[in-house]
Amino acid sequence: MKHTDIPHEDTIIMTGEAMEAAIHRMAQEIISENDPIDALVLLGILRRGRPLADRIAAEIHRLTGYQAPVGSLATTLYRDDYRSGMGVVKSPKGETHFDFNVDDRTVLLVDDVLAAGRTIRAAMDEVMDYGRPRRIQLACLIDCGNRELPIQADYLGWQVGTTPRDWVSVHLHEIDGEDMVLVEERPAIETDIPPVDLDS
Amino acid sequence: MADGGWSRKDLIGIEALSRDEITLILDTAPQFAAISERSSGIKKVPLLKGRLVVNWFYEPSTRTRNSFELAAKRLSADTLAMTAASSSSVKGETLHDTLANIEAIHADVIVIRHGCAGVPHILADRHASHIINAGDGRHEHPTQALLDAYTIRKQLRLRLGDPEATLDGLKVAIVGDVEHSRVARSNILCLKRLGAEVRLCGPSTLMPQGIAQMGVQVTANLEEALADVDVVYTLRLQLERQAKALFPSLREYIRLFQVNTATMRYAPEHALVMHPGPINRDVELSSEVADGERSVILDQVSNGVAIRMAVMHLLVNGGGQE
């Protein structure tokens with residue numbers, strides 16, 4: 001696929017409107033699963049999980065009047081790909097930050113895309129190093145399959161079947177200036193293997 | 001370095017590092033500082049889980065060794081300490097043989113301090129493990145310079161309320177025994193690479209010949225050195241030097257070069273006071289200033305652990321294996 005500024009319509013799997021509806025529905029589900037709601041705290045996984053966590057918390061507040069504390073989780077220090085030499089160290093885009101205690105709370109992890117599940121594994125390990133939550137739950141905007149660990153979302157915006165060649169790209173207005181979710185072809189990784197010519 | 005990555009196997013000195021590499025280390029450190037500051041829970045992350053870090057110190061050192069050991073432990077590594085007295089060097093074993101033996105027990109990182117300049121460099125070239133120089137002769141002490149630059153940058157950012165502030169244009173005076181100081185050498189290289197202006201002040205007998213070629217101003221006048229500075233960096237006066245008659249008397253040294261409440265009046269009010277430790281109280285630095293509001297000496301100690309965690313993480317996990 002050629003990358004252009006205006007995405008091709010076929011590649012959009014979620015519009016801004018659908019995203020708003022999904023967040024509303026997820027908030028309702030979170031409220032009905034968490035009664036009383038006031039033990040709930042949210043941790044958004046950086047980078048795009050954080051604005052999503054803020055939006056879900058705002059929606060919960062609109063529906064119940066409860067303002068849940070929201071924090072950020074970086075997970076970079078708990079990744080499992082450093083050991084195999086796959087990790088690329090870059091200067092971090094953000095750091096874990098929250099100023100509440102997780103002991104005996106219900107911690108809702110929020111991320112944009114759930115795929116392999118490795119980020120969520122790292123996030124759970126990180127949270128457990130800060131205390132002992134009563135429960136950990138997971139909310140994701142998109143589940144695109146390709147799981148490598150036995151992890152599932154408790155609250156899901158949209159499920160889409162993808163292959164490892166597909167790249168699910170979540171755009172949020174707080175970071176990208178617009179709300180939408182696209183499925184694009186993964187940018188080609190340069191290798192010595194010549195590409196297969198499908199026409200011949 | 002364009003993508004902000006790391007590609008070195010070892011940390012031997014500041015001299016080889018680019019500004020981008022130094023900045024990457026400084027930018028990697030805050031997340032590690034946060035681990036030590038966790039008020040509840042576990043002050044550890046699993047980045048070096050199951051790795052072996054050997055602290056191999058041929059010269060006496062308590063705080064640097066403890067700092068490296070704590071840094072390794074906060075990264076979940078196993079640690080082993082070796083000192084010259086306990087090593088086989090006293091039985092005549094060569095450096096290479098000792099290192100080969102450390103590697104035979106599968107050490108991943110070897111932190112070395114040695115009295116001879118160049119030893120970490122020679123070892124790094126011939127061995128596969130990650131070598132970190134914790135001070136070699138009068139050559140370099142790179143992690144000290146990095147933690148100092150980190151401390152200055154952190155304090156500057158706090159003071160200005162600007163999280164992006166850099167050391168460009170900052171004025172730093174290094175005062176004392178520059179001649180015998182690898183800390184001074186590494187600091188000059190590091191600060192200059194980050195765009196700061198460095199002035200040296202001390203008795204001419206404790207000032208290396210030709211040091212001005214490093215692009216620093218040299219003066220024996222403390223008032224001149226401290227005018228307009230942002231940082232006053234005091235060096236430890238190694239008292240045994242006096243036996244070699246490198247300065248006439250301790251009293252004269254104190255009169256001319258001690259950083260104290262009176263001499264700090266030469267510097268602007270915002271100027272920070274730093275010292276690599278251990279301090280000779282009321283020799284190079286008065287107790288009043290060392291314990292005063294402008295002193296960030298204990299912040300240096302805390303930051304040392306974070307910087308050493310950042311260095312070990314970058315060397316081991318940064319893809320720098322050959």
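# Exercises on a predicted two-chain model

A:P36 sits in the loop of chain A that runs between α1 (16-33) and β2 (40-45). The model is predicted, and the exercises below work through parts of it.

## Exercise 1: Unusual backbone geometry

Find which peptide bond involving A:P36 is cis, and locate the cis bond that involves B:P278.

Solution.
Step 1. The bond that joins A:D35 and A:P36 is cis, with omega at about 5°.
Step 2. In chain B, the cis bond runs from B:G277 to B:P278, and its omega is near -10°.
Step 3. B:P278 belongs to the loop between β9 (272-274) and α9 (287-290) of chain B.

Now give the sign of phi at A:N146 and at B:S76, and classify the exposure of A:N146 and of B:S76.

Solution.
Step 1. A:N146 is not a glycine, yet its phi is positive, about 60°. Its place is the loop of chain A between β5 (135-143) and β6 (155-159).
Step 2. The relative accessible area of A:N146 is 31%, so this residue is partly exposed.
Step 3. B:S76, also not a glycine, has a positive phi of about 70°. It is placed in the loop between α2 (63-74) and β2 (78-83) of chain B.
Step 4. B:S76 has 17% relative accessibility and therefore counts as buried.

## Exercise 2: The layout of chain A

State how many helices and strands chain A has, and give their order along the sequence.

Solution.
Step 1. There are four helices and eight strands in chain A.
Step 2. Their order along the sequence is β-α-β-α-β-β-α-β-β-β-α-β.
Step 3. Chain A has 200 residues, of which 43% are buried.
Step 4. Among contacts in chain A with a separation of 6 or more, 70% are between residues 24 or more positions apart.

## Exercise 3: Three residues of chain A

For A:I12, A:E59 and A:T75, give the element or loop, the exposure and the contacts beyond four places in sequence.

Solution.
Step 1. A:I12 is part of strand β1 (residues 12-14). With a relative accessible area of 28%, A:I12 is partly exposed. Its contacts beyond four places in sequence are with A:M180, A:V181 and A:L182. The C-alpha atoms of A:I12 and A:V170 are 9.9 Å apart, although 158 residues separate the two in sequence.
Step 2. A:E59 is part of helix α2 (residues 49-64). A:E59 counts as buried because its relative accessibility is 14%. Beyond four places in sequence, A:E59 contacts A:I23, A:H24 and A:A27. The side chain of A:E59 also makes a polar contact of 2.7 Å with that of A:R62.
Step 3. A:T75 is in the loop between β3 (70-73) and β4 (106-114). A:T75 has a relative accessible area of 7%, so it is buried. Its contacts beyond four places in sequence are A:I45, A:T96, A:T119, A:A122, A:A123 and A:E126.

## Exercise 4: Cysteines and disulfides

Explain why A:C144 forms no bond with A:C140.

Solution.
Step 1. A disulfide is a covalent bond between the sulfur atoms of two cysteines.
Step 2. The whole structure, searched over all chains, has zero disulfides. A:C140 is in none, and the nearest cysteine sulfur to it is that of A:C144.
Step 3. The two sulfurs are 9.6 Å apart, which is too far for a bond; the cut-off for a disulfide is within 2.5 Å.
Step 4. A:C140 counts as buried because its relative accessibility is 0%, and A:C144 counts as buried at 6%.

## Exercise 5: Domains and core of chain B

Describe how domain 1 and domain 2 of chain B meet, and which residues of the largest nonpolar core touch the most other members.

Solution.
Step 1. The domain assignment gives domain 1 (19-140 + 301-317) and domain 2 (142-299). Their centres, taken over C-alpha atoms, are 26 Å apart.
Step 2. On the domain 1 side 29 residues make contact, with 28 residues of domain 2.
Step 3. About 2,400 Å² is buried between the two domains, and carbon and sulfur atoms give 54% of it. In domain 1, B:R19, B:R138 and B:N303 lose the most area, together 28% of what that side buries.
Step 4. The largest nonpolar core has 72 residues, and those touching the most other members are B:I25, B:F32, B:L146, B:I174, B:L200, B:I307 and B:M312. Helix α10 (residues 297-317) of chain B gives the most to this core, 10 residues.

Methods:
Residues numbered from 1 in each chain as written. Chains lettered and ligands numbered in written order. Predicted model: local features only at pLDDT ≥ 70, side-chain atom pairs only at ≥ 80, totals over all residues. Heavy atoms only, no water. Helix = DSSP H or I, 4+ residues; strand = E, 2+ residues; numbered from the N terminus. Buried < 20%, exposed > 50% of the residue type's maximum accessible area, 1.4 Å probe, protein only. Polar contact = N/O pair within 3.5 Å; in protein donor to acceptor, adjacent residues only side chain to side chain. Contact = heavy atoms within 4.5 Å. Core = buried A, V, L, I, M, F, W, Y, C linked by side-chain atoms within 4.5 Å. Domains from an automatic or database assignment. Buried area = accessible area lost by both parts, 1.4 Å probe.
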